[in-house]
Amino acid sequence: MVNVAPLSDGTWSNNAMSSSYAIFASGITVGFANLACGVCVGITGSACALSDAQNPALFVKILIIEIFGSALGLFGVIVGIIISGNVDFGKV
């Protein structure tokens, strides 16, 4: 763990600021991607339950669509890892 402290004049270095914003952006990206994933899975899950009640042959087809919707959350996590992987606070 790196200890990041302000400079002698009370400001933060540009490297520390950009790294902090990158971690914040990573969290926001993962959060919104998983929020969209949850909404997508909820909507398609509801449609899957209704269509399965009417025609059981449609279950597998809609389940595949639901898997595509849940992949949005995984993509968000991958993007978050890529964003936070470039963070470098440097030595203080």
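**A serine between two parts of a helical model**

The backbone oxygen of Asp-88 lies 3.1 Å from a polar atom of the Ser-19 side chain, and the backbone oxygen of Asn-15 is found 2.9 Å from a polar atom of that side chain; a polar contact is a pair of N or O atoms within 3.5 Å, where within protein one must be able to donate a hydrogen and the other to accept it, and where residues adjacent in sequence count only if both atoms are side-chain atoms. This is a predicted model, in which local features need pLDDT of at least 70 and side-chain atom pairs count only at pLDDT 80 or more, while totals for chains, interfaces and linings use all residues. Residues are numbered from 1 along each chain as its sequence is written, and side-chain values use heavy atoms, with hydrogens and water left out.

Ser-19 belongs to helix α1, helices being DSSP runs of H or I with at least four residues, and strands runs of E with at least two, numbered from the N terminus. Ser-19 counts as buried because its relative accessibility is 3%, where buried means under 20% relative accessible area, exposed over 50%, and partly exposed in between (1.4 Å probe, protein chains only). Leaving aside residues up to four places away in sequence, Ser-19 touches Val-87, Asp-88 and Phe-89, a contact meaning heavy atoms within 4.5 Å.

The protein has two helices and zero strands. Helix α2 covers residues 59-85, and its buried residues, Glu-66, Gly-69, Gly-73, Gly-76 and Gly-80, pack against α1 (14-54). The C-alpha atoms of the protein fill a box of roughly 70 × 20 × 15 Å, taken along the principal axes.

Key: The expected span of a helix is 1.5 Å times one less than its number of residues.
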